[in-house]
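Hi everyone, thanks for making room for me today. I'd like to walk you through one protein chain, a few places at a time. Have a look at the screen and then we'll start.

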Amino acid sequence: MNHFQYVDNDLFCEKVAVKDIASQVGTPFYLYSHATLTRHIRGFQESFASVPHLVCFSVKANSNLAVLKIFINNGAGLDIVSGGELYRGLKAGCSADKIVYSGVGKSAREIREALEAGILMFNVESPQELEQINAIAGEMGKKAPVAIRVNPDVDPQTHPYISTGMKKAKFGINIQEAVQEYRKAATLPNIEVIGVDCHIGSQLTKLSPFVDAIEKIRLLVATLQEEGFAIRYLDLGGGLGITYEDETPPDFDGYAQAIINATKGLNLTLVFEPGRVLTGNAGILVCKVLYTKKGEVKNFVISDGAMNDLARPALYGAFQGILPVDRSQQDTLVADVVGPICESGDFFARDREIAAFQPGDLLAVTSAGAYGFTMSSNYNSRPRVPEILVKEDQILTVRERESYENLIQGENIPDNL
Ligand SMILES: *Cc1c(COP(=O)(O)O)cnc(C)c1O
């Protein structure tokens, strides 16, 4: 059941007309569907019900506290990549022993905070980081639980900017050198080795890269177990893709079956770090058309939303669907959908056949629930937009629109200027 649907000609989110939300909160705004978020987390959990597992939602995909709370309510933990995400996760009520901490550049302060909180494990990405964690844990009189993030050198066949598991990537430790690193970890007094971790990339639409990575990692796990390491967790990262345009990614059950088969007999608790697949298609960005303009070679639809609100098209050339919120008018035109920002890269769509929008019309940028608000900025001194959650017929503001005052918060003009 798709919870973003037309009723007659009006786009609805669950039981609420999108145009009614727009008249209440103004535009642009992010809009999330509670029922979709709930269905996704439950579907993911259920597909792995037959094996011990922990789903740690990747906070960077959508870090709104209310979204985190929905997942936490459904048994999820969190995958974090910064001290700020740890803070959010704890504020949302996540128990620390369901938090895993990834990322190549954890600072001393961030490591200390995570040890203080008592997280489940650090996914360690370099030899120096391992030593740093050991030293800080020693100062604090603690033992740090770790997995080492290995780089299995598989090609996830996705966009190069979101491919992370190949030799040339900055992430993890080469799988050939991993055993050595594990042996070193075993000699460090304040480190407890409990897992093996990998994350090979994002927006994967095929199963084979996941399976190939697991085959390589099985060999490592076997070696480690022979050497007496008490490995309990196998963290397989996130990366499962979604349909933005016409991609056909595996569904939860297909993904789970492939992974359950590939990990058979390992007797480890599987950890997952899904981000995009849980929130991407649970959210849209709603904008208003300000102007339309006929250039010499192109038509432009100028929306009040821009690349600072949703960066994916500008950043990766990513495809985002564009729907009219009112589809009663059936004409189409081929146009670029652009924002007000002073950059030629400020677009949501290029040379796309879309509804023949007129000034004042509302448009919905679809599949915007992951890496949408979290990547937004104040570029061009544009206040960040609100995040609205619809739950059946309720319109819940889960983040307010920023004010002009918010824009200059923390700035000051020194007296001696
Ligand atoms: C970004 C990221 C994820 C989530 O990736 P998705 O493609 O959104 O599922 C999971 N783990 C790590 C380490 C990441 O960096």
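Let's begin with tyrosine 371, which is found in the loop between strand 19 (362-365) and strand 20 (387-391). Please keep in mind throughout that this is a predicted model. Tyrosine 371 is not a glycine, and yet its phi is positive, at about 55°. Is tyrosine 371 buried or exposed? It is buried: its relative accessible area is 10%, and buried means under 20%.

Now for glutamine 203, in the loop between strand 11 (191-197) and helix 8 (208-226). Here again we have a residue that is not a glycine but has a positive phi of about 55°. Glutamine 203 counts as buried because its relative accessibility is 10%.

While we're on the backbone, let me show you a proline. Proline 28 sits in the loop between helix 1 (18-25) and strand 4 (29-33). The peptide bond that leads into proline 28 from threonine 27 is cis, and its omega is near -10°.

Let's step back to the whole chain for a moment. It has 417 residues, and 55% of them are buried. Its secondary structure comes to twelve helices and 21 strands. The C-alpha trace spans about 70 × 65 × 45 Å along the principal axes. How does the radius of gyration fit with a compact globule? For 417 residues such a globule would have a value near 22 Å, and this chain has 23 Å, so the two agree.

What about contacts along the chain? Of those with a separation of 6 or more, 70% are between residues 24 or more positions apart. On the outside, the chain exposes about 18,400 Å², and carbon and sulfur atoms supply 49% of that. As for charge, there are 39 positive and 51 negative side chains, with the centres of the two sets 2 Å apart.

On to the strands. A quick reminder: strands of a sheet pair through backbone hydrogen bonds, either parallel or antiparallel. One open sheet here has three strands in the order 1-2-3, and the pairing is antiparallel. Its edge strands are strand 1 (4-7) and strand 3 (16-17), each of which pairs on one side only. Strand 2 (residues 10-13) is joined to strand 3 by two bridges, and phenylalanine 12 stands opposite alanine 17 in strand 3.

For parallel pairing, look at strand 5 (residues 53-58) and strand 6, which share three bridges. Phenylalanine 57 has leucine 78 in strand 6 as its bridge partner. In a regular strand, side chains alternate between the two faces of the sheet. Which way do the residues of strand 6 (residues 77-80) point? Gly77 and Asp79 point one way, Leu78 and Ile80 point the other way, and all are buried.

My last stop is valine 146, in strand 9 (residues 144-151). Valine 146 counts as buried because its relative accessibility is 1%. Which residues does valine 146 contact, leaving aside its neighbours within four places in sequence? They are Met121, Phe122, Val124, Leu130, Ile191, Glu192, Val193, Ile194 and Gly195. By contrast, take histidine 159: it is 13 residues from valine 146 in sequence, and their C-alpha atoms are 29 Å apart in space.

That's my tour, and I'm happy to go back to any of these places with you.

Terms used: Residues are numbered from 1 along each chain as its sequence is written. This is a predicted model: local features need pLDDT of at least 70, side-chain atom pairs count only at pLDDT 80 or more; totals for chains, interfaces and linings use all residues. Side-chain values use heavy atoms; hydrogens and water are left out. Helices (H or I, at least four residues) and strands (E, at least two) are DSSP runs, numbered from the N terminus. The radius of gyration is taken over C-alpha atoms; the globule rule is 2.2 Å times the number of residues to the power 0.38. Buried means under 20% relative accessible area, exposed over 50%, partly exposed in between (1.4 Å probe, protein chains only). Contact means heavy atoms within 4.5 Å. Accessible areas come from the Shrake-Rupley method with a 1.4 Å probe; for residues, only the protein chains shown count as cover. Lys and Arg count as positive and Asp and Glu as negative; His and the chain ends are not counted. The place of a charge is taken as NZ of Lys, CZ of Arg, CG of Asp or CD of Glu. Two strands pair if DSSP finds at least two bridges between them.
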